[in-house]
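Biologist: Hello! I am new to this structure, so could you walk me through it?
Modeller: Gladly, let us look together.

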Amino acid sequence: MAAASIATSSLQVSCSTIAAESKLLPRRGFCLFAPGKSISLPPTLATSSLGSIIGMQRHPNLQISIYIDVKIHGSARKNFWVKNSATAAEISSSKQQNVPSFGPDDFVFDLAEKLEELDYVSALSATGKEALSHLREHSAETTLSLQWPTNKVEAYRFTDLRFLRNSNVEPVRQCPQDTGIELADFGIRSNADIHLVFADGVISSSSSNWKDGVFVGSIAALSDDHIEEFVIKKLGKSAEWINTDFFASLNGIGVRELGVVIVPEGVKMQSPLHIIYHSSEGGSKDGEKQSYALSCPRLLVLVGKEAEVTIIEEFVGEKGEFYWSNAVGEFFIEEHGRICHNYVQNQAREAVHIKQTCVAQKQCSSYELVEAAIGSKLNRHNIHIQQLGPDTSTKMSSFLLAGQRQLQDLHSRLILSHPRGFARQLHKCIVMHSSGHGVFDGNVKVNRYAQQTDAGQLSRSLLLAPRATVSVKPNLQIIADDVKCSHGAAISDLEEEQIFYFQARGIDPQTARSTLVFSFGAEILQQFKNKNLQQRAEKTVMEFLQSEGAIKTSIQEA
Amino acid sequence: MDAMVCLRAASAYSSPRLALKSPTATSILHASKRPAFLCIRNVAAIEIGQEMSSRNDSPKVLLKVEGLTAVVAGTDTEILRGMNLTIREGEVHAIMGKNGSGKSTFSKVLVGHPDYEVTGGTAVFKGEDLFEKEPEERSHAGLFMSFQSPVEVPGVSNMDFLRMSCNARRAAQGLPELGPLEFYGFLSPKLSALNMSPTFLDRNVNEGFSGGEKKRNEILQLAVLEADLAILDEIDSGLDVDALRDVANAVNGLRKSTNAVLMITHYQRLLDYIKPTFVHIMEKGQIVKTGDALLAKQLEAGGYEALSAGS
Ligand SMILES: Nc1ncnc2c1ncn2[C@@H]1O[C@H](COP(=O)(O)OP(=O)(O)OP(=O)(O)O)[C@@H](O)[C@H]1O
Ligand SMILES: [Mg+2]
């Protein structure tokens, strides 16, 4: 079997060049650890010096799964962040088992109870309340059948949530009417720039709700007819999964208001729609126990047939506050519809950020996510995307930056069940500190009827400090037999050849390294549709890299 | 015999003299098909050399490489086995040779690529020991190499890269940095000389560039750095006819009486545009033959077999 031998050989070559000491054990099917360069490489059977690709054709029931857990140890040469050796990898159990449920968990029960007591926002109509109470009831049921996720659950294997469980969690009750943020700082200059602002989980302000047939605002500003027509039919129904996820359910119980975006059929919005989630209230320290203030913002986006919109979601909060933002966004895209989703997580450094993004894509639609996760102490983003018809396109580009005592975790699941689907995922992660940790589990599932799928997935991580850790598991499950798929993961230092290129052009190696570290992330940030957002994100990333000593301070900004 | 030594005085300055001699050489070559061609050329060169040195105005030596040997770093795989080469201001040298003979390695060693380790010999550039310098210092000193396959740098715009590079050299020369606008003014004519669209500046360095676009981009960097010695490694491979003309014209446009070019190529095509003063044939890490433009023509006609038969 030609495919097998090629895949295996590229595995060995790659391991010896990139992670000299890593061990990789295939669980089932092929296992590949390949330095990837570009996800657009030709998906034929080929290995190249730039990266390794495996193409699999006509081999049903393949499962490719690797879990690479890499830790850097020992210190580096001239520049401490540069050359590191990667060590042993472990392979996870590939079963996605659920925790056995032994009845309700006290902590969860308590928390659910506190959330249930929360009032809806006062402006909500009876129909609005009905819509949200459906969600609350359903979520309450689910939550009580689930347990607080621990490291024993595969999906939380590397995400240690014990500190949160050992804290007090208090839902935010009083939501500020004024967030105190300057909209201009976010590039929002006037009401003509369509925007929506959440303050501690409820909407505090927005541009005018209706504009050119597009609705952006609170459920409270929607008529009963609209609520029945749009909200009740869709809320909590973007995927079955959303009703089984612990944190999505917790959000469902704690929801007090709903942000709604409706872009009707055929409307192509030119300017982006900007949503800011701000957290200001933090928990206090009560004796030994830290308290976290929990808010549960929720967004519902409906994009009609042939409609197009760019949505910016930004999460920010008061510096130094201990808060937990537990957000859910549901996105529905009708036939030929299109969403460009730009998402920046720049929460306060003590905050916990957990977010679910759930996307349901109909035939010929397109969804493109560009994501930057920079802030918070613990960040967990779950993405769940389903292609519900043929000729559908999905792209995800994520950049996660983990500094001191930071965990940046991305779990994504993309399900293709129809012919001629297109999927691209690029995950990039930098870990700057020995106490930082990057986690990535990216699952792309190509089901039996998803013939002629073209799927590519690539994960690249840069470890800049001794003992910095990433755990990455890009995985492609292919059941269809006529597909083009490429897949790779690389955990590396900067490329020597690139550094030399800079030197050969007169640029000293330290400046070269700094530029390359920054550009590693900039490759993703450049994809933001909005220039202002891009520049702000670049500035934040640059400052963060500098503050952690990962790059020199005098480097010229791009 | 060491042809290089005899020939080194022949320069661009003396090319009218050389041109005068050439028909003689050609006619002899045509008359007798294979034989003593090189020998005759060398005699001519010696004449010139003597004449030049007697006039005592021979151009300054830019680069002098003697007995250079190098291995793949960390191994004892020797790739360069005693390279000798002298390049003077105003000259154009071409190195030809079979795949794997060490041409790229030679150029990379000169610019300080970390994959190789110099094990013997010397290289003096503008009177200074090249091997004492870091790669970036060699660039600041005016040495440039265009890469045979330049690496892509995602996330760094071409414009930023060019400006960083330009300002690094200016800083080394004690000149003030150029701001973005000034730099654009400086860059613009160079861009149009290469028939390159300004959109290349916004793109990331070499990312998604076609083979030909990468080569143009290398020459753009050369133009920005205004190097004294440009080593061009297979600048012609993968170029279409128009691109080759653009690139060659740009290189010719950058030539001055005080700088020099070292080209590595497999084809006569490039030498039709950029006329070499000397052509060297490399084999197994050494220069085994040196001649003028005719040597390349002979090679083109008969391949390396014919050349070795002729020596
Ligand atoms: N880093 C390296 N590691 C191992 N071998 C090397 C390395 N670099 C060069 N070599 C070997 O040294 C020899 C010379 O290579 P080089 O690239 O210099 O050849 P070249 O003359 O430029 O060939 P071409 O005409 O194909 O470009 C080749 O056999 C090559 O495989
Ligand atoms: Mg070569």
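**Chain A and its partner**

Modeller: To set the scene, chain A has nine helices and 28 strands. Please keep in mind that this is a predicted model.

Biologist: What share of the residues of chain A count as buried?

Modeller: A residue is buried when its relative accessible area is under 20%. Chain A has 558 residues, and the share of them that passes is 62%.

Biologist: And how much area does chain A expose?

Modeller: Carbon and sulfur atoms supply 49% of the exposed area of chain A. The total comes to about 20,400 Å².

Biologist: Now to the partner chain. How much area is buried between chain B and chain A?

Modeller: The two chains meet through 33 residues of chain B and 22 residues of chain A. Of the area buried between them, carbon and sulfur atoms give 61%. The whole is about 2,300 Å².

Biologist: Which residues form the salt bridge across the interface?

Modeller: The rule finds one salt bridge between chain B and chain A. Its closest N and O atoms are 2.7 Å apart, which is within the 4 Å limit. The partners are A:Arg505 and B:Glu218.

Biologist: Which element of chain B gives the most to the side that touches chain A?

Modeller: Several elements of chain B each supply at least two residues there, including helix H5 (135–141), strand E7 (153–157) and helix H9 (211–225). The one that gives the most, with six residues, is H6(B).

Biologist: How many residues on that side of chain B are nonpolar?

Modeller: Ten residues there are polar and seven are charged. The nonpolar ones number 16.

Terms used. Residues are numbered from 1 along each chain as its sequence is written. Chains are lettered from A and ligands numbered from 1 in the order in which they are written. This is a predicted model: local features need pLDDT of at least 70, side-chain atom pairs count only at pLDDT 80 or more; totals for chains, interfaces and linings use all residues. Side-chain values use heavy atoms; hydrogens and water are left out. Contact means heavy atoms within 4.5 Å. Buried area is the accessible area (1.4 Å probe) that two parts lose on being put together, summed over both. A salt bridge is a side-chain nitrogen of Lys or Arg within 4 Å of a carboxyl oxygen of Asp or Glu. Helices (H or I, at least four residues) and strands (E, at least two) are DSSP runs, numbered from the N terminus. Ala, Val, Leu, Ile, Met, Phe, Trp, Tyr, Cys and Pro count as nonpolar, Asp, Glu, Lys and Arg as charged, and the others, Gly among them, as polar. Buried means under 20% relative accessible area, exposed over 50%, partly exposed in between (1.4 Å probe, protein chains only). Accessible areas come from the Shrake-Rupley method with a 1.4 Å probe; for residues, only the protein chains shown count as cover.
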